[in-house]
Amino acid sequence: MPKVLFVASEAHPLIKTGGLGDVVGGLPVALAALGADARLLLPAYHDAVAHAGKLKTVAKFQVTGSADQVQLLEGRLPGTRLVTWLIDFPAAYGRPGNPYLDSRGRLWPDNAWRFALLARVAALLALGRTPLKWRPDVVHCHDWQTGLVPALLAQEQQRPATVFTIHNLAYQGLFPHETFVSLGLPPALWSIEGLEFHGQMSFIKGGLAFADRLITVSPTYAREIQTAEFGGGLDGLLRHRADRLTGILNGIDTEVWNPARDPFLAKQYSARRTQGKIHNKRALQQEYHLPVAPKTALIGMVGRLVEQKGIDLVLETLPALMRRPVQLVVLGSGEARFEEALRAHMARYPKRLSVRIGYDEGLAHRIEAGADMFLMPSRFEPCGLNQLYSLRYGTIPIVRRVGGLADTVVDASEENIKNGKATGVVFEEARAGALLAAIGRALALRRNSRRWNQMMRTGMRQDFTWLHSATEYLQLYRQIMRGNRTPPGKRHVSRKKGK
Ligand code: ADP
């Protein structure tokens, strides 16, 4: 069984800002359940240490670029047996709150240095150059914060295999050339075949150019990012590496997201007994100070308030939507302009729209349980987890046909309804009119309660456990351990001439 080191910048329940945290908290646990020796390496953020339970120092060592020693703290990911190492270096990680942003929502100015340190520790561990005895066969990295790990390891003759999972290509970790110099990275990495991206340093390119395998969190996203529309300027490189690039759909934690056992809910329920949903709807309307109206369609939305999630489309739709017989509850935080616009609309439609700005795990569960429909009109969506939670909670997702949404929600076309396959409402274009029409379609479907209940139950019976993804990842690890690696020197020039 392979020994796999997971390197990441967040993991639920230690610290989480989005889907990445859910995946890193779930996938290695599922791999361990299949027999793999998976372990996790994360920065010892102030808040992660606070949630970690018992920790002991297992190694102290020097890392290039830092005067002080780094300590590795060992514990178990809470609620699991997964060995977790936290990199204790207070100057980099000892700050409370969000791992990437300060309390005013600005990126920490030393993020490049902080995540270069994470990469350097990961590389030392992977190469057996720390006092720890354990050495991985595969180093599995996630998103730009870990992009330097495959780049550093590629400089070595003897190294473990590397896998890089792209959770969101839109966040690339771009920094000026001076930052590259100040980090003291191998000068050979400064080239358009390496980390250089239009004169800047790109962390994510370290993963994309150097990892032995590239994975996206859904098959559709793997295809999309090879196009100019979704490729963020990296589609050329991704097309060049297409033979190393595949999609493996994320799973979800079906213990945490289980309507039959969810402690956050007013009433538990299951696919066989969906009546409990009514109580959750009433409780949610009360919690959001909306009129308790069992017949009115209650639409939920949870997520980051950024353009990616199509919140601008929802805002554009609001005046027309608020004339329909619906209520809308929103939970999220993000860009100030969207937060303000939502608050302003809430004042205008107090009986129809209610908004909570912030991050609230329990409320996210109650929305998934209490709403009739869940809105995800994303412009792009690498996988998306909320629609999977919605399916599991019998809440009909209304989604755009993009990325992981396209891979997981089956549209309520006549044919799919007839075959008993429909699970949601899927629309094509990122336009307010298309979104409004999709909501209209959902409202019409809901009038036929037999069809609606059938759709709910079909969704609730879908299997999105981590077992499937973990089995696919395990096959992949085995393949690359057999030596099917990226040969050094065979790399791609990602920049178009003249740019
Ligand atoms: P992304 O990773 O792009 O933000 P995903 O749908 O993949 O989107 O995952 C988002 C995760 O974060 C889900 O588990 C969702 O419930 C959670 N989440 C997002 N915003 C909030 C919030 N404001 N309060 C509670 N949970 C949230």
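These are my notebook entries on two sheets, a ligand site and two backbone details.

**Entry 1, the model.** I am working from a predicted model, and I read every value below as computed from that prediction.

**Entry 2, the nine-stranded sheet.** I looked up the strand order first and found an open sheet of nine strands, which runs β3-β4-β5-β2-β1-β6-β7-β11-β12 and has mixed pairing. Its edge strands are β3, residues 56–61, and β12, residues 245–247, and each of these pairs on one side only. When I asked how neighbouring strands of this sheet are turned against each other, the average came out at 25°, with direction ignored. For my own reference, I note that strands of a sheet pair through backbone hydrogen bonds, either parallel or antiparallel.

**Entry 3, one pair of strands and a helix.** Within this sheet I followed β4, residues 70–76, and β5, residues 83–88, which pair in the antiparallel sense over six bridges. To fix the register I took Leu 73, whose bridge partner in β5 is Leu 86. I then checked what lies against the sheet, and found that helix α4, residues 111–126, packs on it and touches β1, β2, β3, β4, β5 and β6. The direction of α4 makes about 150° with that of β2, which spans residues 37–43.

**Entry 4, the three-stranded sheet.** The second sheet that I looked up is also open, with three strands in the order β8-β10-β9 and antiparallel pairing. Here the edge strands are β8, residues 174–175, and β9, each pairing on one side only. I counted two bridges between β8 and β10, and I found Leu 174 standing opposite Ser 202 in β10. Helix α7, residues 203–210, packs on this sheet and touches β8, β9 and β10, while its direction makes about 55° with that of β10.

**Entry 5, the ligand.** Which residues are closest to the ligand? Of the 18 residues that surround it, the closest are Gly 19, Asp 22, Arg 304, Lys 309 and Gly 358. Going through contacts with the backbone, I found an oxygen atom of the ligand 2.6 Å from a polar backbone atom of Gly 19. A nitrogen atom of the ligand lies 2.8 Å from a backbone N or O atom of Gly 358, and a nitrogen atom of the ligand is 3.0 Å from a polar backbone atom of Asp 360. The ligand on its own has 560 Å² of accessible area, and the protein covers 93% of this.

I next sorted the shell by element, and those that give two or more residues are α1 (19–33), β13 (297–305), β14 (326–334) and α14 (386–392). The largest share, three residues, comes from β13. By residue type, the shell divides into six nonpolar, seven polar and five charged.

**Entry 6, backbone details.** Most residues other than glycine have a negative phi, and most peptide bonds are trans, so I searched for departures from both habits. A cis peptide bond joins His 12 and Pro 13, with omega about 5°, and Pro 13 is found in the loop between β1 and α1. His 198, a residue other than glycine, has a positive phi near 50°, and I located His 198 in the loop between β9 (196–197) and β10 (200–202).

Technical notes
Residues numbered from 1 in each chain as written. Predicted model: local features only at pLDDT ≥ 70, side-chain atom pairs only at ≥ 80, totals over all residues. Heavy atoms only, no water. Pairing = 2+ DSSP bridges. Axes fitted to C-alpha atoms, helices over the stretch in contact; angles between N-to-C directions. Contact = heavy atoms within 4.5 Å. Near = heavy atom within 4 Å. Polar contact = N/O pair within 3.5 Å; in protein donor to acceptor, adjacent residues only side chain to side chain. Areas by Shrake-Rupley, 256 points an atom, 1.4 Å probe, with all protein chains shown as cover. Nonpolar A, V, L, I, M, F, W, Y, C, P; charged D, E, K, R; others polar.
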